[in-house]
Amino acid sequence: MTKPPKPKPLLQDAGKPVRSRPRKPRNPAQPNLPLDPMPDRIEPCLALLKARPPKGDDWVYEIKWDGYRLSVHVEPNRIRILTRGGHDWTHRFPAIKLAAMWLPVGSAILDGEAVVLDKQGRSDFGLLQQSLGGRGGKKSSSNAIFMAFDLLYFDGHDLRNSELSMRRHLLKDLVSVVGHGDIRLSEEIEADGDQLLASACEHGLEGIIAKDRNSTYRSGRGGDWLKIKCVQSDGFAIVGYEKSTVSFGGIGRLLLAARKGDELVYVGGVGTGFNERSAAELREQMDKLIVDKPAVDTGRKRNAVFVRPELVAEIEYRAWTHDGKLRHASYKGLREAQDHAAVYEIE
């Protein structure tokens, strides 16, 4: 956990009286800047998926973190940590809250990702979920850290209309004080996008993020931020599972669906990526949602149990088959409803 900075002594020399610095008169040529009200919540800027990194000097890069998108609100009398969907999860990240209390700022809104790092320093979504007690769990995570990558509000000033390069400059000064604690700076990397992506994939990372250095902060998926993945990973609705007597949790394969317009369509199944703990948790969740008729046509399945499509699984996959099924799929974990768990949309 973050250690609070040591308080500075009031007296540098015990023999001298305490004196404040003389107040300088305000420069009449410099106008008084009005303070902006602090937003209660800001819809996040989302990255648009692209197959290749963009070209040009206007783009800077970061590592793509695999965790929960959060905003940390530093307010005069409290700290709030909000999910992407606007739910208050302050109580679930006590270490991040404590680190935010020691940031040298009166008020601020930091945009970033809560992650748990593995032994190689890579973010691991499964480890983050375990630290929170699984989907729907109520545990607090003492292992999660906050990777800050943007600053949206700073000491009375709304920064969303400022360029990314300026917001990052202020963020770097703010977060650098904490060092390697529970709030860390997501480093900006100036490099050739193709080379950086190749290096990220070689080291087993999820991918990279490209950002237009001259862009303002726009909520939604506007194209100022791009994500380029080493391996595809998206959310799919669970519509059932095939029983097995030899697999963890009795789950032979999950049956998955994507969204196409207003309907769900079957996109195949996944039978790898589970461990004993995740399979048991998943089975417990699914057994509460069992229905007689499947939500989508899955074809003929042996020993299939169908569930209401309320659970969203994060699935890693390599490609699609010619008939619209996932290839080389692997289960990563369940997405939280508070995280605005989006189901993959087929165009």
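A search of the whole structure, which is a predicted model, finds one cavity of 30 Å³ or more. The chain that holds this cavity has five helices and 19 strands, and buried residues make up 46% of its 347 residues. Open pockets were also found, the largest with a volume of about 1100 Å³ and the second largest with about 630 Å³ of space. The points below take the cavity, the two pockets and the strands around E16 in turn.

**The cavity**

- The largest cavity has a volume of about 100 Å³, and its lining is made up of Arg41, Ile42, Pro44, Arg69, Leu70, Ser71, Leu82, Thr83, Arg84, Asp111, Leu152 and Tyr217.
- Two elements, strand E3 (68-75) and strand E4 (78-83), give two or more residues to this lining, and the largest share, three residues, comes from E3.
- Sorted by class, the residues that line the largest cavity divide into six nonpolar, two polar and four charged.

**The largest pocket**

- The largest pocket, with its volume of about 1100 Å³, is lined by 38 residues, of which Ala47, Arg84, Arg221, Lys227 and Asp234 are the closest to its centre.
- Arg84, one of these central residues, is also among the residues that line the largest cavity.
- At least two residues of the pocket lining come from each of strand E1 (48-49), strand E2 (59-63), strand E9 (207-212), strand E10 (225-229), E11 and E16, while E11 gives the most, with four residues.
- The lining of the largest pocket holds 18 charged residues, together with 15 nonpolar and five polar ones.

**The second largest pocket**

- About 630 Å³ of space lies in the second largest pocket, and of the 34 residues that line this pocket, Asp66, Asp124, Phe125, Gly126 and Lys332 are the closest to its centre.
- Helix H2 (125-131), helix H5 (276-286) and strand E19 each supply at least two residues of this lining.
- By class, the lining of the second largest pocket has 13 polar residues, eleven charged residues and ten nonpolar residues.

**Strand E16 and its partners**

- Strand E16, which spans residues 312-317, is mostly covered, since five of its six residues are buried.
- Strand E11 (residues 232-243) runs antiparallel to E16 and is joined to E16 by six bridges, and within this pairing Asp234 stands opposite Ile315 in E16.
- Asp234, which has this place opposite Ile315, is also listed among the residues closest to the centre of the largest pocket.
- E16 also pairs with strand E19 (residues 330-334) in the antiparallel sense, over four bridges, and here the bridge partner of Ala313 is Leu334 in E19.
- The partners of E16 can be followed to the pockets as well, as E11 supplies residues to the lining of the largest pocket, whereas E19 supplies residues to the lining of the second largest pocket.

**The chain as a whole**

- Among contacts in the chain between residues at least 6 apart in sequence, 69% join residues that are at least 24 apart.
- The accessible surface of the chain comes to about 19000 Å², and carbon and sulfur atoms account for 49% of this surface.

Note on methods: Residues numbered from 1 in each chain as written. Predicted model: local features only at pLDDT ≥ 70, side-chain atom pairs only at ≥ 80, totals over all residues. Heavy atoms only, no water. 1 Å grid on protein atoms, 1.4 Å probe; cavity = no way out; pocket = protein on both sides within 12 Å on 5 of 7 lines; lining within 4 Å. Points joined across faces, edges and corners; volume = space filled by probe spheres on them. Nonpolar A, V, L, I, M, F, W, Y, C, P; charged D, E, K, R; others polar. Buried < 20%, exposed > 50% of the residue type's maximum accessible area, 1.4 Å probe, protein only. Pairing = 2+ DSSP bridges. Contact = heavy atoms within 4.5 Å. Areas by Shrake-Rupley, 256 points an atom, 1.4 Å probe, with all protein chains shown as cover.
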